[in-house]
Amino acid sequence: MTPRPPDLPDAPTAPGRAQQAETHLLTLIRDHALPPGTPLPSEGQLSAQLGISRGMIREAYRALAARGVVSVANGRAPRVAAPHPDPLTAVLEHALLGQPASAAQVLEIRRALELQVAALAATHRTGAQAAALRRSVSAMRQAGPGTDAFIEHDLHFHTLLAGATGNPLHGVLVGALHALLARSIRGGLPHYADPAHFGALISVHDRLAQAVETGDAEAATERMREHFALAELAVSLAGTAAPAGQPAR
């Protein structure tokens, strides 16, 4: 049975009508600590409650959807959105427009973050998550070197790893950085075609998945260090020091 939306709080006063509706919805979500998937008031309900036109309510929902706060789909009631890296990626891209970061600099940030991710994943992973990591390694191997599919499976592996920590913030942060890095390293795909590099990269992911599966946090951290040593070498060889968020040359 679909849960009913919580009672609406008193309408706030705000200068813009659409902004007023946005503020109202954010207050509703935060004050009630609504989890992802919770249905929100319809356009008609909010319009009647706040005395704002349905067009302004629709605009407020669209703005919140763009920020990743709500999920809006045709034929369904608006719902609280699950955490997703896309809005943070957009913020990072905008912030880097005037002072771009290279792929190597993005890797520096990822290294600091994902060493902890590896240890936490080994400590908190479920059996299903461990199995998903092993399947991801198999998909990387089957995709073969020098392909877009290989990079996508590589990034997916790290997304799974972040999810295994049990901390949703890791998933959001890792996902946002991966999106930036993927665009800057795509121009270096030919270097992934080297059999020795490809084999080493598959091996380190496989051993990392094994360490997580056995719950060995120390080994998982060491395997992640090895991974970033390989990744930094690949970026250096590919010459993909193009600004993150901009196409590599």
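**Legends: the α5–α7 contact and its setting**

**View 1. Helix α5 crosses helix α7 in a left-handed sense.** The model shown is predicted. Residues 103–124 form α5 and residues 148–163 form α7. The two helix axes lie 8 Å apart and make an angle of about 60°. An angle of this size falls outside the ranges for roughly parallel, roughly antiparallel and roughly perpendicular pairs, so α5 and α7 count as oblique to each other.

**View 2. Side of α5 in the contact with α7.** From α5, the residues that make the contact are Arg 110, Glu 114, Val 117, Ala 118 and Ala 121.

**View 3. Side of α7 in the contact with α5.** Here α7 contributes His 158, Leu 161 and Ala 162. Taking both helices together, the contact has five nonpolar residues, two charged residues and one polar residue.

**View 4. Helices and strands of the whole protein.** The protein contains 11 helices and two strands. Along the sequence, their order is α-α-α-β-β-α-α-α-α-α-α-α-α. The pair in the views above, α5 and α7, belongs to this set of helices.

**View 5. Burial, contacts and exposed surface of the protein.** Of the 249 residues in the protein, 42% are buried. Among contacts with a separation of 6 or more, 73% join residues 24 or more positions apart in the sequence. The protein exposes about 12400 Å². Carbon and sulfur atoms supply 55% of that exposed area.

Technical notes. Residues are numbered from 1 along each chain as its sequence is written. This is a predicted model: local features need pLDDT of at least 70, side-chain atom pairs count only at pLDDT 80 or more; totals for chains, interfaces and linings use all residues. Side-chain values use heavy atoms; hydrogens and water are left out. Axes are lines fitted to C-alpha atoms, for helices over the stretch in contact, and angles run from 0 to 180 degrees between N-to-C directions. Helices (H or I, at least four residues) and strands (E, at least two) are DSSP runs, numbered from the N terminus. Angles under 35 degrees count as roughly parallel, over 145 as roughly antiparallel, 65 to 115 as roughly perpendicular and the rest as oblique. A crossing is left-handed if the near helix is turned anticlockwise from the far one by less than a right angle, and right-handed if clockwise. Contact means heavy atoms within 4.5 Å. Ala, Val, Leu, Ile, Met, Phe, Trp, Tyr, Cys and Pro count as nonpolar, Asp, Glu, Lys and Arg as charged, and the others, Gly among them, as polar. Buried means under 20% relative accessible area, exposed over 50%, partly exposed in between (1.4 Å probe, protein chains only). Accessible areas come from the Shrake-Rupley method with a 1.4 Å probe; for residues, only the protein chains shown count as cover.
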